[in-house]
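Colleague: Got a minute to go through this model with me? I'd like to hop around a bit.

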Amino acid sequence: MDERLIIKNAVDTATITLPNGRVGEQYKAENDFSIDGVEDFEIVGLDAVGLVYEKTENGFVISGTAQPEDIKGGDFPLTLRYKPKRLLEGEEWLERKLTLILNPDPRTLWKDIPTSRDTEYFKEDSQMQYVKVPEKDGVPRKDIVAASKRGRSHAHEGKPRDDHFLLHYCKETEWYIIAVADGAGSAKYSREGSRIACETSVAHCKEALTSSSEFENAIRLFADNSESKEARKLVGDKIYSIVGNAALKAHNAIKKEAERKDGAKLKDYATTLLLAICKRFEYGWAVASFWVGDGAMCVYDAEKHTADMLGMPDEGEFAGQTRFLTMPEIFTDSTAFYQRLRFRIYPDFTALMLMTDGVSDPKFETDANLQNPEKWDALWKDLIDNGVELTDDNEKSQEQLLEWLDFWDRGNHDDRTIAILY
């Protein structure tokens with residue numbers, strides 16, 4: 001048999017393995033190519049996919065970050081050109097065709113279809129807000145920033161965002177008010193339920209705190225003697241009146257809207273609600289809150305390495321279920337309702353954070369992790385390392401936070417909302 005043909009057969013039958021790669025990720029494939037009669041070789045076509053090859057003692061290695069012009073990936077032809085021994089002048093090198101398969105980056109497969117403005121209860125696909133609180137007596141005071149982004153699963157189908165939030169700072173009384181709500185994905189009008197929940201609860205707190213002297217006196221009494229039953233009852237009654245009634249008014253406002261709309265039911269507006277009010281006093285920060293549903297609400301202190309949860313995700317009778325503000329039973333059991341209210345005085349803290357499960361699920365993974373300060377350290381570092389500048393007087397932090405919400409986490413594509421007092 002012709003020697004040239006023998007070499008060609010050896011090359012054509014040689015085992016060359018090119019495992020599938022993924023666009024945008026590191027790729028590496030090592031192969032043995034020590035074939036008698038082959039004096040030299042090269043691999044043509046790797047430039048088109050952003051890879052390179054390197055000859056080794058017994059073969060070659062293909063490596064690099066796969067970045068083809070067609071970011072959707074596909075089958076990419078390569079050519080193994082080789083020089084058989086005793087090649088005559090003018091003769092062409094021989095070739096073996098190879099195929100490299102690059103799977104697409106899953107992020108490129110998601111569509112981003114804007115929500116139609118004809119959609120009932122239309123809501124913008126993203127929302128952001130920054131509240132600057134001017135310094136007092138030359139001392140910077142905490143600001144608030146929040147952002148909300150429609151999840152990839154909704155964007156892919158052109159469906160509206162169900163999350164909502166609202167921030168407020170009362171200049172006269174120096175009270176901060178923060179509300180975050182996550183409309184249930186299975187409820188067709190939940191985007192309106194979350195909006196009503198935030199706007200109604202914040203409006204009630206704003207009004208209730210305009211004359212807050214009795215509440216603040218109760219807080220001072222509690223700060224002086226937290227063991228006193230009288231002091232605890234006094235501050236507890238005020239928290240119920242302000243924060244608890246804010247939640248009840250939100251429930252009633254949603255119920256009224258459901259009754260107004262033909263064919264609608266209260267459960268069609270199902271939403272969670274995380275609500276917090278706080279103020280700095282000479283003896284520390286007073287923080288009161290209400291929580292129904294999932295997500296997370298935490299007072300985080302980076303210096304002390306602590307994370308104080310203001311409640312825990314609120315599951316129903318079965319695992320995976322969530323309780324919602326729209327459920328009447330939330331308000332009929334007074335003992336259970338009081339347990340949704342929290343109050344504490346903190347000397348200081350790094351941040352008060354409220355977020356929907358679109359953020360807490362990928363960042364914490366389990367309910368147990370929500371109580372792990374190291375996980376909150378990691379979240380805080382993640383924010384800072386990825387360009388969210390949580391510094392005084394940084395209005396751009398709202399855009400930075402909105403961009404951060406676009407982080408990739410396989411399998412987590414829900415709406416994402418986070419509010420931070422820092």
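Modeller: Sure. Thr173 counts as buried, because its relative accessibility is 10% and buried means under 20% relative accessible area, with exposed over 50% and partly exposed in between (1.4 Å probe, protein chains only). Before we go on, this is a predicted model, where local features need pLDDT of at least 70, side-chain atom pairs count only at pLDDT 80 or more, and totals for chains, interfaces and linings use all residues. Residues are numbered from 1 along each chain as its sequence is written, and side-chain values use heavy atoms, with hydrogens and water left out.

Colleague: Where is the place of Thr173?

Modeller: Thr173 sits in the loop between β10 (163-169) and β11 (176-182). Those labels come from DSSP runs, numbered from the N terminus: helices are H or I with at least four residues, strands are E with at least two.

Colleague: And which residues does Thr173 touch?

Modeller: Leaving out residues up to four places away in sequence, Thr173 touches Leu209, Thr210, Ser212, Glu216 and Lys279. Contact here means heavy atoms within 4.5 Å.

Colleague: What about β10 and β11, how do they pair?

Modeller: They pair in the antiparallel sense over seven bridges; two strands pair if DSSP finds at least two bridges between them. Asp163 stands opposite Asp182 in β11.

Colleague: What's the strand order in that open sheet of five?

Modeller: The order is β10-β11-β12-β13-β16, with antiparallel pairing. β10 and β16 (341-346) are the edge strands, each pairing on one side only. From one strand to the next, the twist averages 10°. Angles like that run from 0 to 180 degrees between N-to-C directions, and axes are lines fitted to C-alpha atoms, for helices over the stretch in contact.

Colleague: There's an open sheet of six strands too. Which strands stand at its edges?

Modeller: That sheet has the order β8-β9-β18-β17-β14-β15, again antiparallel. β8 (126-131) and β15 (306-309) stand at the edges with a single partner strand each, so one side of each has no neighbour in the sheet. Its twist averages 15° from one strand to the next.

Colleague: How many bridges join β14 to β17?

Modeller: Five bridges join β14 (residues 296-301) to β17 (residues 351-355), and the two run antiparallel. One partnership there is Ala296 with Met355 in β17. Helix α8 (residues 357-364) packs on this sheet, touching β14, β17 and β18 (416-421), and its direction makes about 105° with that of β17.

Colleague: And which strands does α10 lie across?

Modeller: Helix α10 (residues 397-404) lies across β8, β9 (144-149) and β18, running at about 35° to β9.

Colleague: Switching to helix pairs. At what angle do α3 and α5 pack?

Modeller: About 140°, with the axes of α3 (residues 190-208) and α5 (residues 229-260) 8 Å apart. The two are therefore oblique to each other, given that angles under 35 degrees count as roughly parallel, over 145 as roughly antiparallel, 65 to 115 as roughly perpendicular and the rest as oblique. Residues that meet there include Gly193, Ala197 and His204 in α3, and Ser241, Asn245 and Ala253 in α5.

Colleague: Left-handed or right-handed, the crossing of α3 and α5?

Modeller: Right-handed. A crossing is right-handed if the near helix is turned clockwise from the far one by less than a right angle, and left-handed if anticlockwise. The crossing of α4 and α5 is left-handed, and α4 (residues 213-224) packs on α5 at about 145° with axes 8 Å apart. Phe215 and Phe222 are among the α4 residues in that contact, and Leu234 and Ile239 among those of α5.

Colleague: New topic: how many disulfides?

Modeller: Zero, where a disulfide is a pair of cysteine sulfur atoms within 2.5 Å. For Cys198, the nearest cysteine sulfur is that of Cys205, 11 Å away. Cys198 counts as buried, with 0% relative accessibility.

Colleague: Why is there no bond for Cys278?

Modeller: Because the closest cysteine sulfur, in Cys170, is 11 Å from the sulfur of Cys278, too far for a bond. Cys278 is buried too, at 1% relative accessibility.

Colleague: Last one: what's the phi of Asp137?

Modeller: Near 55°, a positive value in a residue other than glycine. Asp137 lies in the loop between β8 and β9 and is exposed, with a relative accessible area of 75%. His305 also has a positive phi, about 60°, although not a glycine. His305 is in the loop between β14 and β15 and is partly exposed, at 36% relative accessible area.
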